[in-house]
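Colleague: I should like to go through this structure step by step. May I put some questions to you about its helices, its loops and one of its pockets?

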Amino acid sequence: MDSYRFLSSYYNRFTLDVAYPKWADFFEQIFAQENLKPHLILDLACGTGTLTAELTMRGYEVIGVDASAEMLMQAMERTIDMNPRPLFLNQLMQELDLYGTVDACLCCLDSINYITDPTMLRECLRRVELFLEPEGVFIFDINTLKKFQDINDQCYVREDDDVYCVWQTEFDGEVCRYDFDIFEQVGGLWRRNQESHEERYYAAEALVSWLQEIGFIQVKLYPDLSFGSLTGQEDRIFISARKRKIK
């Protein structure tokens, strides 16, 4: 899977509909509900660093981790003039290895679904717990089964001045495959690049069980960016969990 090797250059243009300030507001509301005032935040699978930059502007110290060197290059350019500047690390989520602990970990935009091996996902959760401060909070979101079923066998198009992106989806009930064709205008010609991404469906109940087995407590589920009750019609669910307090 060549994740974001070519798409990274256009990722920000294709995700203009993602309201990162609203996401940051939601996370801060959870911090307040959990009576937590984080100083150092881990933005796990930070991508091009849009949320990282938003959190930095709000006064947090932030570490951004992503498996894609190309995405991290975009993130570093985005935050080059910030002071303090976020620290970026090129790591797989399941190989997370920090220099110390963080007060909170955020993992956004269904990045958890990108870990298609359940064993590796459990290792990711274990490492997040390891590098959290006692009573620190871990917040992430997942795509639901409804979302994957709705996009199955669909074709999508995004077009800009010098790039044309077409992607098709195929969901087998467990893994969703995204096949991208990216056409870039170079001079008077168009150059075609291809990428394939995969996401795995995880039931929220299974994730809650794994979190609790690892040692997380106070595991809570939220509808997409809200604090209402789950209806079963959500495309996205957020999950928060706390690390135990040292006795």
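The questions and answers below take these topics in turn.

Colleague: What should a reader know about the model before starting?

Modeller: This is a predicted model, in which local features need pLDDT of at least 70, side-chain atom pairs count only at pLDDT 80 or more, and totals for chains, interfaces and linings use all residues. Residues are numbered from 1 along each chain as its sequence is written, and side-chain values use heavy atoms, with hydrogens and water left out.

Colleague: How does the span of α5 agree with the expected value, and what is the distance between its end C-alpha atoms?

Modeller: Helices (H or I, at least four residues) and strands (E, at least two) are DSSP runs numbered from the N terminus. The expected span of a helix is 1.5 Å times one less than its number of residues. For the 13 residues of α5 this rule gives 18 Å, which agrees with the distance between the end C-alpha atoms, 18 Å.

Colleague: Which arc do the buried residues of α5 cover around the axis?

Modeller: Buried means under 20% relative accessible area, exposed over 50%, and partly exposed in between (1.4 Å probe, protein chains only). In α5 the buried residues are L121, C124, L125, V128 and E129. They lie on the same side of α5, because the arc, taken from the directions from the helix axis to the C-beta atoms, is only 135°.

Colleague: Why might buried residues of a helix recur three or four places apart?

Modeller: An α-helix has 3.6 residues a turn, and therefore residues three or four places apart point the same way. The spacing to look for is thus three or four places.

Colleague: Which elements cover the buried residues of α5?

Modeller: Contact means heavy atoms within 4.5 Å. By that criterion, what covers the buried residues of α5 includes β1 (40–44), β4 (102–107), β5 and α7.

Colleague: Within what arc do the buried residues of α7 fall?

Modeller: The buried residues of α7 are A204, L207, V208, W210 and L211. Seen down the axis of α7, they line one face of the helix, because they fall within an arc of 165°.

Colleague: Which exposed residues does the opposite face of α7 carry, and against which elements does its buried side pack?

Modeller: The face turned away from the buried side of α7 carries the exposed residues E205 and E213. The buried residues of α7 pack against α5 (118–130), β5, β10 (217–223) and β11 (236–242).

Colleague: Which helix gives the most to the lining of the second largest pocket?

Modeller: A pocket is found on a 1 Å grid over the protein atoms alone, as an open set of points where a 1.4 Å probe fits, with protein on both sides within 12 Å along at least five of seven lines; its lining residues have an atom within 4 Å of a point. The second largest pocket holds about 220 Å³ of space, and of its 16 lining residues the closest to its centre are T144, Y201, A204, E205 and I237. Two or more lining residues come from each of β5 (132–143), α6 (145–151) and α7 (204–214). With three residues, the element that gives the most is α7.

Colleague: Where does the cis peptide bond lie, and what is its omega?

Modeller: P84 is placed in the loop between α4 (69–78) and β3 (87–90). The peptide bond from N83 to P84 is cis, with omega near 5°.

Colleague: Is A45 buried or exposed, and what is its relative accessible area?

Modeller: A45 belongs to the loop between β1 and α3 (50–57). Its phi is positive, near 60°, in a residue other than glycine. A45 counts as buried because its relative accessible area is 19%.

Colleague: What is the relative accessible area of Q218?

Modeller: Q218 lies in strand β10 and has a positive phi of about 50°, although it is not a glycine. Q218 is partly exposed, because its relative accessible area is 43%.

Colleague: Which residues does D235 contact, leaving aside its neighbours within four places in sequence?

Modeller: D235 lies in the loop between β10 and β11, and it counts as partly exposed because its relative accessibility is 34%. Leaving aside neighbours within four places in sequence, D235 is in contact with I142, N143, T144, K146, K147 and D150.

Terms used:
Grid points are joined across faces, edges and corners, and a volume is the space filled by probe spheres set on the points.
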